[in-house]
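Visitor: Please put the model on display, and then take some questions about its fold and its internal spaces.
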Amino acid sequence: MSRGNSDSTSMQSSAVINEAVQTLRDGGLVAFPTETVYGLGADAKNPEAIKQIFIAKGRPSNHPLIVHLAAPDKFDQTQIDWVALLAPWVRDLSEEALKLINAFWPGPLTLVFKKGKSVLNELTGGQDTVAIRAPSHPIAQELLRKFKGGVVAPSANRFGKVSPTSAADVRHEFEGMLDLMVLDGGDCEVGIESTIIDLSSGDKAILLRPGSITPSEIFAKTGVKVYQPGEVKSGNEVTVDLPRVSGSLKAHYAPTTPLRLYAPGRVLDALSEFPDIKSRVAVAVWDSESSLVLDDHPSTDVEEVIVSSDPTTFASRLYRSLRDLDQQGWDLILFPEPPAGEEWDGVRDRLQRACFGSGPSSSNHDNN
Ligand code: TXA
Ligand code: MG
């Protein structure tokens with residue numbers, strides 16, 4: 001465990017996890033690693049603890065949270081009785097839902113269901129649906145298994161900011177604000193938040209947030225077709241005004257340094273938007289591309305940062321890069337536009353929102 005002071009170890013002893021369990025039982029908050037990003041956890045059955053999450057994040061109370069559940073037996077994944085586990089949380093479980101669960105849980109897939117009666121309104125933002133996921137990170141698994149209940153956990157960042165992918169990021173995010181218990185599980189492998197699929201609005205599965213698990217992968221493994229929100233016109237269900245996915249606000253995941261995307265080969269165009277020749281600019285460049293030639297812009301202090309042209313690797317490092325660059329005092333950060341293709345949808349989505357919300361006043365962009 002580390003409370004405030006830094007701790008570089010990436011393993012947590014059982015004693016520390018037991019203490020985290022007790023903290024949750026006592027109504028406290030615990031930050032913990034998942035395979036996607038770090039979460040800020042609280043007991044999903046404790047309305048007061050849930051309120052503390054919204055306060056700590058500065059998040060509007062109508063933005064619903066994801067309930068995290070454990071796979072009870074880590075040794076035999078095929079024997080897990082998800083139906084029994086989900087019974088207290090969801091009203092009904094379709095065959096499609098079970099196919100998705102069996103194929104992808106535990107893992108970076110969140111499913112939205114019609115909620116069970118006892119699910120607290122505080123966590124669903126007053127909606128009649130609930131989002132659930134079973135994270136695969138061993139520390140998250142151990143914490144949830146020992147806690148024996150649901151843990152709500154939004155990403156452990158201040159509202160609208162870049163999600164944390166290390167324990168140090170979490171501490172930095174809440175420094176001086178909150179004496180938070182942070183379980184250290186090292187760097188997150190996936191690096192962007194889970195894919196969210198809505199199964200609550202009838203017979204169609206709808207993609208609410210793209211992530212590392214793509215609709216084609218889902219179709220290939222389960223035969224379930226996942227629709228884009230625009231493809232489904234099911235009356236009022238999908239067009240309600242509520243911010244069902246807070247990450248769906250235009251501005252989100254944002255650094256305080258202005259961030260822009262540049263089209264292939266168009267770095268100079270992007271730079272010309274910032275005519276101050278004294279600007280210090282960090283330009284991310286694909287590892288597959290030869291170095292930029294910026295002789296036409298000799299007075300701008302430009303530094304190249306190499307980024308992976310493999311979408312999985314790119315995603316795993318995206319928030320790390322944004323956070324590090326944000327700390328380095330650049331006037332502008334440029335990233336290459338991700339290529340077309342579903343495997344890039346998750347990072348394209350995060351980068352576009354990060355651009356929109358970036359800049360010194362980024363905390364004020366999150367209006368809804
Ligand atoms: O990977 C993840 O999902 C991470 C880790 C910590 O598990 N969690 C995460 O939580 O990203 P958060 O709160 O930052 O984002 C959860 C998203 C929000 O955009 C929220 O609006 C959406 O899930 N959500 C939660 N409940 C929902 C519901 N009932 N219907 C639609 N969207 C929902
Ligand atoms: Mg978040």
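The questions below go from the whole chain to its cavities, its pockets and one residue.

Guide: This is a predicted model, where local features need pLDDT of at least 70, side-chain atom pairs count only at pLDDT 80 or more, and totals for chains, interfaces and linings use all residues; side-chain values use heavy atoms, with hydrogens and water left out. Residues are numbered from 1 along each chain as its sequence is written, while chains are lettered from A and ligands numbered from 1 in the order in which they are written.

Visitor: How many helices and strands does the secondary structure of the chain come to?
Guide: Helices (H or I, at least four residues) and strands (E, at least two) are taken as DSSP runs, numbered from the N terminus. On that basis the count is eleven helices and 15 strands.

Visitor: What percentage of the residues of the chain count as buried?
Guide: Buried means under 20% relative accessible area, with a 1.4 Å probe and protein chains only. The chain has 368 residues, and the buried share is 55%.

Visitor: Among contacts between residues at least 6 apart in sequence, what percentage join residues at least 24 apart?
Guide: A contact is a pair with heavy atoms within 4.5 Å. For the chain, the share that joins residues at least 24 apart is 67%.

Visitor: Where does the second largest cavity lie?
Guide: On a 1 Å grid over the protein atoms alone, a cavity is a set of points where a 1.4 Å probe fits but cannot get out, and lining residues have an atom within 4 Å of a point. The whole structure has two cavities of 30 Å³ or more, and the second largest holds about 40 Å³, a volume being the space filled by probe spheres set on grid points joined across faces, edges and corners. Its lining includes Thr195, Leu207, Glu342 and Asp345. Domain bounds come from an automatic or database domain assignment, and both domains give residues to this lining, so the cavity lies between domain 1 (8-231) and domain 2 (259-365).

Visitor: Which element gives the most to the lining of the largest pocket?
Guide: A pocket is an open set of points with protein on both sides within 12 Å along at least five of seven lines. The largest pocket has about 370 Å³ of space; of its 21 lining residues, the closest to its centre are Lys161, Val162, Glu173, Arg323 and Asp326. Helix H7 (167-174) and helix H10 (311-327) each supply at least two lining residues. The top contributor, with six residues, is H10.

Visitor: Why does the largest pocket lie between the domains?
Guide: The residues that line the largest pocket come from both sides, so the pocket lies between its two contributors, domain 1 (8-231) and domain 2 (259-365).  The second largest pocket, of about 260 Å³, likewise draws at least three lining residues from each of domain 1 (8-231) and domain 2 (259-365).

Visitor: Which residues does Ala134 touch, not counting those up to four places away in sequence?
Guide: Ala134 is in the loop between strand S6 (129-133) and helix H6 (138-147), and is buried, with a relative accessible area of 0%. Ala134 and Leu69 are 65 residues apart in sequence, yet 4.9 Å apart in space, C-alpha to C-alpha. The residues touched are Leu69, Trp82, Trp105, Pro106 and Gly107.

How values were computed. Buried means under 20% relative accessible area, exposed over 50%, partly exposed in between (1.4 Å probe, protein chains only).
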